[in-house]
Amino acid sequence: MPAPANRLKTLPPYAFAVLTQRVRDLNAQGMDVIGLDIGSPDMPPPDIVIEALEESARHPGHHSYGGYKGTDEFRTAVAGYYQQRFGVTVNPETQILPLIGSKEGIVNLSLAYLDRGDLALVPEIGYPSYSIGAHLAGAEVYDIPVSEAGGYLPDFAAIPADALAHAKLLWVNYPNNPTGATAELDFYQRAVDFCDRHNLLLASDNPYVEVAFDGYIAGSALQAKDAMNCTIEFISFSKSYNMAGWRLGAAVGSTEAIKTLLQLKSNMDSGHFRPIYDAGVIALEQVSREWIDERNAIYQRRRDRILETLPQIGLTALKPKGSLYIWAHVDEGDGAQYAEAALTHAHVSVAPGEIYGAAGKNHVRLSVGIPDNRLEEALTRLKKWYASP
Ligand SMILES: Cc1ncc(COP(=O)(O)O)c(C=O)c1O
């Protein structure tokens with residue numbers, strides 16, 4: 001066999017794949033491991049979405065290629081969602097592109113914009129695909145420092161001039177994975193102004209925009225003034241409508257960036273399955289605010305159960321207003337040691353913070369995407385283990 005391409009050597013083993021394999025091995029040995037590490041909703045999508053998929057799939061004409069730009073109806077529905085939800089007007093012909101999950105869009109945007117010698121500006125704690133995409137493209141990453149004190153928002157003024165000279169993309173993500181941090185319009189405005197000034201494309205990864213608690217309503221980077229000139233935003237049906245396995249998302253924003261992403265993608269994939277687009281339209285147009293609020297109330301209750309248990313299991317965290325996660329500081333040792341001990345002794349899997357960057361070393365991430373009874377069992381096991389390790 002020939003050797004794999006060198007570009008693969010720049011990639012760490014995908015940390016979640018490694019963790020999942022470890023859990024699988026333990027399960028195969030007869031252990032019942034409970035995963036608090038997962039970033040996938042545990043509840044199903046609304047029935048009307050599943051019914052739309054079924055109905056569309058029965059249509060004999062819906063089984064050919066779905067089209068590089070998806071269906072007109074899908075793009076129109078995304079435009080309608082942006083108008084209604086954020087008051088943002090987008091052209092469905094030129095400013096929207098469907099994605100096969102937002103992860104695909106993140107990596108492909110990096111391939112579309114970055115060459116060797118270029119830089120992506122990436123918050124030092126964040127979703128790994130921003131850096132992975134840059135490395136696959138042969139480019140480098142500048143890690144922007146973020147801190148709890150700074151609300152996990154990057155301080156643009158601290159990015160050195162020599163990094164800016166080579167940078168093309170700036171990644172932001174609020175509500176944030178893994179920290180649960182949120183951002184307001186003034187932050188997005190500063191990000192847009194900064195990108196405008198430095199000839200950068202602002203990439204706002206926004207899959208958790210509909211996962212929020214305590215009445216909080218998350219916004220879009222495209223609400224900032226002049227955002228459409230230099231911003232692309234990714235939304236995802238995975239977390240908004242519990243459709244993670246369906247692999248549906250959309251890129252929205254700058255005409256130029258959408259055109260560039262389409263140029264790359266039309267050479268790599270042939271769009272999605274038509275019934276998935278049709279179900280996506282129903283999700284955007286017919287799933288009620290009440291359905292989203294009820295789902296979020298369940299997550300919020302689980303969040304609060306985890307938060308009240310943390311002092312008994314050696315962890316400390318802020319209360320997140322959004323996302324599926326609790327980003328907890330480990331009182332003793334580091335996140336990897338904590339995760340290993342919890343897995344070995346309590347058979348509970350949590351995500352070590354270093355998966356999200358070296359600066360996350362002393363944290364672990366816990367997810368609320370787990371059924372109530374399993375969550376209770378996991379918390380009971382963790383308490384028992386921590387009381388007598
Ligand atoms: C911040 C962030 N962005 C993107 C994704 C990818 O989502 P999907 O590809 O399912 O749309 C995830 C998934 O966990 C995520 O946490």
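## Asn242 and its polar partners

A polar contact here is a pair of N or O atoms within 3.5 Å; within protein, one must be able to donate a hydrogen and the other to accept it. With that in hand, take a look at N242 in this predicted model. The side chain of N242 reaches the backbone oxygen of M43 at 3.3 Å. There is also a side-chain to side-chain link: N242 and R295 are joined by a polar contact of 3.0 Å.

Where does N242 sit? Its place is the loop between α8 (237-240) and β8 (249-253). Despite being in a loop, N242 counts as buried, because its relative accessibility is 6% and the cut-off for buried is under 20%. The backbone is worth a glance too: phi of N242 is positive, about 60°, although the residue is not a glycine. Leaving aside residues up to four places away in sequence, N242 touches P41, M43, P44, P45, F237, W291, R295 and Y299. So M43 and R295 turn up both among these neighbours and as polar partners of N242.

## The seven-stranded sheet

Now for the sheets. One of them is open, has 7 strands in the order β2-β8-β7-β6-β5-β3-β4, and mixes its pairing. The edges are taken by β2 (96-99) and β4 (140-144), each of which pairs on one side only. Going from one strand to the next, the twist averages 20°. Two helices that pack on this sheet are α7 and α9. Helix α7 (residues 185-197) touches β5, β6 (201-205) and β7 (231-236), and its direction makes about 150° with that of β6. Helix α9 (residues 255-265) touches β2, β6, β7 and β8, with about 40° between its direction and that of β2.

As for how the strands pair up, β3 (residues 119-123) and β5 (residues 167-172) run parallel and are joined by 3 bridges, with A120 standing opposite L169 in β5. β6 and β7 also pair in the parallel sense, over 4 bridges; here I232 in β7 is the bridge partner of A203. β7 and β8, by contrast, run antiparallel and share 5 bridges, and E233 has V252 in β8 as its bridge partner.

## Strand β7, covered on both faces

Is β7 mostly covered or mostly open? Mostly covered: 6 of its 6 residues are buried. In a regular strand the side chains alternate between the two faces of the sheet. In β7, T231, E233 and I235 lie on one side, I232, F234 and S236 lie on the other, and both sets are buried.

## The four-stranded sheet

A second open sheet has 4 strands, ordered β9-β10-β13-β12, with antiparallel pairing. β9 (315-317) and β12 (351-352) each have a single partner strand, so one side of each is left without a neighbour in the sheet. β9 pairs with β10 (residues 325-330) in the antiparallel sense over 3 bridges, and T316 stands opposite H329 in β10.

This sheet has helices packed on it as well. α11 touches β9, β10 and β13 (363-367), and its direction makes about 10° with that of β10. Helix α12 (residues 335-346) touches β9, β10, β12 and β13, at about 50° to the direction of β13.

## Helix α11 against helix α13

Two packed helices are described by the angle between their axes and the distance between the axes. For α11 (residues 289-309) and α13 (residues 372-387), the axes come within 11 Å and cross at roughly 5°, so the two helices are roughly parallel to each other. On the α11 side the contact is made by I298, R301, R302, R305, I306 and T309, and on the α13 side by D372, L375, E376, L379 and K383. By type, the contact residues split into 4 nonpolar, 1 polar and 6 charged.

## Backbone oddities

The loop between β5 and α7 holds both P175 and P178. Each of these prolines follows a cis peptide bond: omega is about -10° from Y174 to P175 and near 15° from N177 to P178.

H347 is found in the loop between α12 and β11 (348-349). Its phi is positive, about 55°, although H347 is not a glycine. Is H347 buried or partly exposed? At 23% relative accessibility, it counts as partly exposed.

Methods:
Residues numbered from 1 in each chain as written. Predicted model: local features only at pLDDT ≥ 70, side-chain atom pairs only at ≥ 80, totals over all residues. Heavy atoms only, no water. Buried < 20%, exposed > 50% of the residue type's maximum accessible area, 1.4 Å probe, protein only. Contact = heavy atoms within 4.5 Å. Axes fitted to C-alpha atoms, helices over the stretch in contact; angles between N-to-C directions. Parallel < 35°, antiparallel > 145°, perpendicular 65-115°, else oblique. Nonpolar A, V, L, I, M, F, W, Y, C, P; charged D, E, K, R; others polar. Pairing = 2+ DSSP bridges.
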